[in-house]
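Let's take a friendly walk through this protein together. Have the sequence and the 3D view open as you read, and follow the residues along on screen.

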Amino acid sequence: MRPLLAGFPLGLVVVALACGSSKTTGGAAADGGADSGRVEGGGGGEAGTCRANVGNRPTAAACASNADAGVVDAGPTTCGQPIVPHDACLSDADCAGGHGAIGVCVCQAPHGEGCGTGVVTGNACVPANCRVDSDCSPCGRCRVEESCGATTGYYCESPADECSSNADCGSGFCTFQGDHFACQTNVACAG
């Protein structure tokens, strides 16, 4: 089994997946970031076409700092551990080079997702092959990848994508496989 979150900072967030559709909704995330843009559309997409209902990144914006947020109390969502807020980044520029040529700063407030998924300590750098939708063609979406309750990267959508979201993958995850998104079932979430 591939431990998916090995090597990634624990400061990651869940972002719903979306792409290829007719209407953009959302805007700034509840934590002050712009990474929560969603595109709504019908259908799950077919091979050779851009998919519908996948999360994307229409714009990049600076993140608010969580450094002064104070310790998040231990509880069921933090697996009994207090969270000390820490930001790995405040903008995409803070992530360059750390995860290859392109890194993206995911804006997020500290919180827990429950035992077995780790905790979010604040803004985090994730690997990417795009920063915003305009970096991508032919589908025109810089698509979010999420696994184990965390955002794990941003990658250009492809007509070869085999899944729209984790919901398409049963107990697995819809992950980027080098040149397209496909279901991955041999994932061990960090605990």
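## A strand inside the fold

Strand E8 is a good place to begin: six of its six residues are buried, so the strand is largely enclosed by the rest of the structure. Please keep in mind that this is a predicted model. Cover is found on both faces of E8, with Cys 142, Val 144 and Glu 146 buried on one side. On the other side, Arg 143, Glu 145 and Ser 147 are buried too.

Which strand pairs with E8 over six bridges? It is E9, and the two run in the antiparallel sense. Within this pairing, Ser 147 has Ala 150 of E9 as its bridge partner. The E8 and E9 hairpin has two residues between the strands, and there Cys 148 takes a positive phi near 55°.

## The chain as a whole

Stepping back, the protein chain has 12 strands and zero helices. Its pattern along the sequence therefore reads β-β-β-β-β-β-β-β-β-β-β-β. The chain has 191 residues, and 46% of them count as buried.

Contacts in this chain often span long stretches of sequence: taking those between residues at least 6 apart, 60% join residues at least 24 apart. As for the outside, the accessible surface amounts to about 8200 Å², and carbon and sulfur atoms account for 54% of it.

## E4, E7 and the nonpolar core

Strand E7 (residues 124-127) is another strand with both faces covered. Ala 124 and Val 126 are buried on one side, and Cys 125 and Pro 127 are buried on the other. Strand E4 (residues 103-106) runs antiparallel to E7, and four bridges join the two. If you want a spot to zoom in on, find Val 104, which stands opposite Val 126 in E7.

Both of those valines belong to the largest nonpolar core, which has 10 residues in all. The other members are Val 106, Ala 128, Cys 130, Cys 136, Cys 142, Val 144, Tyr 154 and Cys 156. Two or more residues of this core come from each of E4, E8 and E9. Such a grouping fits a broader trend: nonpolar side chains tend to be buried together in soluble globular proteins.

## Around Cys 136 and Cys 156

Where does Cys 136 sit? Its place is in the loop between E7 and E8. Despite that loop position, Cys 136 has a relative accessibility of 8%, so it counts as buried. Setting aside residues up to four places away in sequence, Cys 136 touches Cys 130, Arg 141, Cys 142 and Cys 156. Tyr 155 is 19 residues away in sequence, with 8.6 Å between its C-alpha and that of Cys 136.

Cys 156 has its own set of partners beyond its neighbours within four places in sequence. Among them are Asn 129, Cys 130, Asp 135 and Cys 136, as well as Phe 176 and Phe 181. The loop between E7 and E8 also holds Pro 138. A cis peptide bond joins Ser 137 to Pro 138, with omega about 5°.

## Rings that meet

The structure holds three aromatic pairs. One of them is stacked: Tyr 155 and Phe 176 lie 4.2 Å centre to centre, with 0° between the planes. This pair links distant parts of the chain, as Tyr 155 is in strand E9 (residues 150-156) and Phe 176 is in strand E10 (residues 173-176), 21 residues apart. Tyr 155 has 12% relative accessibility and Phe 176 has a relative accessible area of 15%. Both are buried because the cut-off for that is under 20%.

Tyr 155 also pairs with Phe 181: their ring centres are 6.4 Å apart and their planes are at 65°, so this pair is edge-to-face. Phe 181 lies in strand E11 (residues 181-184), so its pairing with Tyr 155 of E9 ties together parts 26 residues apart in sequence. Phe 181 is buried, as is Tyr 155. Together, ring pairs link Tyr 155, Phe 176 and Phe 181 into a cluster.

## Charges over rings

Two arginines are worth a look before you close the viewer. The charged end of Arg 143 sits over the ring of Phe 181, at 3.9 Å from its centre. Arg 57 lies over the face of Tyr 154, and here the distance from the ring centre is 5.5 Å.

Definitions and conventions: Residues numbered from 1 in each chain as written. Predicted model: local features only at pLDDT ≥ 70, side-chain atom pairs only at ≥ 80, totals over all residues. Heavy atoms only, no water. Phe/Tyr/Trp six-rings, centres within 6.5 Å; stacked < 30°, edge-to-face > 60°. Buried < 20%, exposed > 50% of the residue type's maximum accessible area, 1.4 Å probe, protein only. Lys NZ or Arg CZ within 6 Å of the ring centre and 35° of its normal. Contact = heavy atoms within 4.5 Å. Areas by Shrake-Rupley, 256 points an atom, 1.4 Å probe, with all protein chains shown as cover. Pairing = 2+ DSSP bridges. Core = buried A, V, L, I, M, F, W, Y, C linked by side-chain atoms within 4.5 Å.
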